[in-house]
Amino acid sequence: MVCCGASSAHATSHLLSAALPVLNLSHAEQDGFDKLIAPCLACLSRFKAANIEMKHDADLRAKIVSGFDYKYQGKVKVYHPGVFLEMGLDKIRERVRKKLSG
């Protein structure tokens with residue numbers, strides 16, 4: 001994985017600001033993942049923006065796919081960890097052995 005580019009890439013180059021997160025998304029796809037958890041809000045924002053841009057901006061997608069030879073297919077969805085906690089809260093409650101209340 002490489003830096004998502006949230007701090008400097010988007011201020012330097014629009015292409016770079018999309019290419020860096022797409023590189024990470026591409027690696028996740030190639031490793032068979034369809035979900036990515038991004039606890040950093042800046043990374044979360046860059047990953048989501050890159051997914052949207054790659055889906056809707058054919059010119060940008062063509063530059064990244066051909067210029068950087070990424071095998072990106074847009075299959076990885078990006079989530080904040082809180083979403084998974086919220087979705088699985090009942091399952092977590094079921095596995096509690098000793099409550100911490102009281």
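The following paragraphs go through helix H2, a nonpolar surface patch and the salt bridges of a predicted model.

Helix H2 covers residues 14-30, 17 residues in total, and spans 24 Å from its first C-alpha to its last, close to the 24 Å expected at 1.5 Å a residue. Ahead of the helix, Ser-13 places a side-chain oxygen within 3.3 Å of the backbone nitrogen of Leu-15, at the start of H2. Just past the other end, Gly-32 has a positive phi of about 90°.

Of the 17 residues of H2, 12 are buried, so the helix is largely enclosed by the rest of the structure. The buried set includes the run from Ser-17, Ala-18 and Ala-19 through Leu-20 and Pro-21, and also Ala-28 and Glu-29. The cover over these buried residues includes three helices, H1 (9-12), H3 (41-56) and H4 (58-67), and two strands, E1 (35-37) and E2 (77-79).

Ser-26 gives a single-residue view of this enclosure. Ser-26 sits in helix H2 and counts as buried because its relative accessibility is 2%, the cut-off for buried being under 20%. Apart from neighbours within four places in sequence, Ser-26 is in contact with Tyr-70, Lys-71 and Tyr-72.

The surface patch involves another part of the chain. Leu-85, Leu-89, Ile-92 and Val-96 make up a nonpolar surface patch of about 330 Å². Leu-89 belongs to helix H6, while Val-96 is in the segment after helix H6 (89-94). Both residues are partly exposed: Leu-89 has a relative accessibility of 35%, and Val-96 has one of 44%. Leu-89 and Ala-58 are 31 residues apart along the chain, and their C-alpha atoms are separated by 39 Å.

Helix H6 also carries a salt bridge. Asp-90 pairs with Arg-93, with the closest N and O atoms 3.1 Å apart. Both residues lie in H6, 3 residues apart, which is about one turn of the helix. An α-helix has 3.6 residues a turn, so residues three or four places apart point the same way. Asp-90 is exposed, with a relative accessible area of 53%, and Arg-93 is exposed as well, at 51%.

The structure holds 2 salt bridges. Besides the pair in H6, the side chains of Asp-34 and Lys-35 form a salt bridge with an N to O distance of 3.6 Å. Here Asp-34 counts as partly exposed at 44% relative accessibility, and Lys-35 counts as partly exposed at 40%.

Notes: Residues numbered from 1 in each chain as written. Predicted model: local features only at pLDDT ≥ 70, side-chain atom pairs only at ≥ 80, totals over all residues. Heavy atoms only, no water. Helix = DSSP H or I, 4+ residues; strand = E, 2+ residues; numbered from the N terminus. Expected span 1.5 Å × (residues − 1). Buried < 20%, exposed > 50% of the residue type's maximum accessible area, 1.4 Å probe, protein only. Contact = heavy atoms within 4.5 Å. Polar contact = N/O pair within 3.5 Å; in protein donor to acceptor, adjacent residues only side chain to side chain. Patch = residues over 30% accessible without salt bridge, like charges linked within 9 Å, V, L, I, M, F, W, Y side chains within 5 Å. Areas by Shrake-Rupley, 256 points an atom, 1.4 Å probe, with all protein chains shown as cover. Salt bridge = Lys/Arg side-chain N within 4 Å of Asp/Glu carboxyl O.
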